[in-house]
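Please look over the following model with its pockets in mind, and then with an eye to the elements that line or pack around them.

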Amino acid sequence: MTQSHPRISKAVIPAAGLGTRFLPATKATPKEMLPVVDKPAIQYVVEEAVSAGLSDVLMITGRNKRPLEDHFDRNYELEEALSRKGDAGRLAKVQESSDLATMHYVRQGDPRGLGHAVLCAAPHVGDQPFAVLLGDDLIDPRDPLLARMVEVQEREGGSVIALMEVDPAQIHLYGCAAVKPTGESDVVKVTDLVEKPDPADAPSNLAIIGRYVLDPAVFAILRETEPGRGGEIQLTDALQKLAEAEQSAAGATGSAGGAVHGVIFKGRRYDTGDRGDYLRAIVRLACEREDLGPEFRDWLRSYVTEEM
């Protein structure tokens, strides 16, 4: 009989990074507010959480991140101006972001890595499982990765991470998972995790991408986790300890945090973490827009033909 686990309602979005790869644009503007076509990247991420049923969103912020809060708040002056003009279309777009979810904010203060950012969420999350979404990874809404991860976690318990096959030569850019198969083609059991391994030492070509559904037991481990690669508290290190503890407890009653599973994602992912991929994400999404796509694709074909 399948065990029932608590339903997940809370999402955590770490957004305290400095965005140094996008300087000087991010000197005064949070990188999460950079537009992907005509919508800031962070809104895509919140929309993804909401579409998976997670309407309680905690954003981990830092200095100079106030525009994030403003974006998801009401702007009565702008709304009134658009209302007076009778511009119902733009008014709906402005109001959409403030009506998306119940938003909460906490400052990380000292940016000490992703693990530390997740630990900042402990008072809000409490003893319930929760999702973590990284803003650099945009997942196409036609490929509901997070919803699948929530489904697996609510059935199996423990923690679930998103995995994606990458070129083995690129695995040093990611956390990497050693896995065992399960009865489902897109679900694996994680036996080990390594943060940014040398390609020769990588246990697989399965890279961790920026979606996690975590058991609250991760908080106790993060509190005891020493800074790792880059002098930061790595979430991968804490998840590795959870996987290791579950392996050691195999055949007994299991570890307190449960197993770590992975969902192998083969859908559309847009990486906005560096300038080249950010531009490619904009082009791909613009090409697929009904209002922009036809004209933009024609121009793009013409431009490429002329340049080539």
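The lining of the largest pocket divides by class into 15 nonpolar, 12 polar and 14 charged residues, where Ala, Val, Leu, Ile, Met, Phe, Trp, Tyr, Cys and Pro count as nonpolar, Asp, Glu, Lys and Arg as charged, and the others, Gly among them, as polar. This is a predicted model, in which local features need pLDDT of at least 70, side-chain atom pairs count only at pLDDT 80 or more, and totals for chains, interfaces and linings use all residues. Residues are numbered from 1 along each chain as its sequence is written, and side-chain values use heavy atoms, with hydrogens and water left out.

**Pockets**
- A pocket is an open set of points on a 1 Å grid over the protein atoms alone, where a 1.4 Å probe fits, with protein on both sides within 12 Å along at least five of seven lines; lining residues have an atom within 4 Å of a point.
- Strand 11 supplies the largest share of the lining of the largest pocket, four residues, strands being DSSP runs of E with at least two residues and helices runs of H or I with at least four, numbered from the N terminus.
- In the second largest pocket, helix 1 gives the most to the lining, with five residues.

**Helix 1**
- Nine of the 11 residues of helix 1 (residues 41-51) are buried (under 20% relative accessible area, 1.4 Å probe, protein chains only), so the helix is largely enclosed by the rest of the structure.
- Gly-53, which follows helix 1, has a positive phi near 90°.

**Strand 6**
- Strand 6 runs parallel to strand 1, joined by two bridges, and pairs with strand 11 in the antiparallel sense over four bridges, pairing requiring at least two DSSP bridges.

Notes:
Buried means under 20% relative accessible area, exposed over 50%, partly exposed in between (1.4 Å probe, protein chains only).
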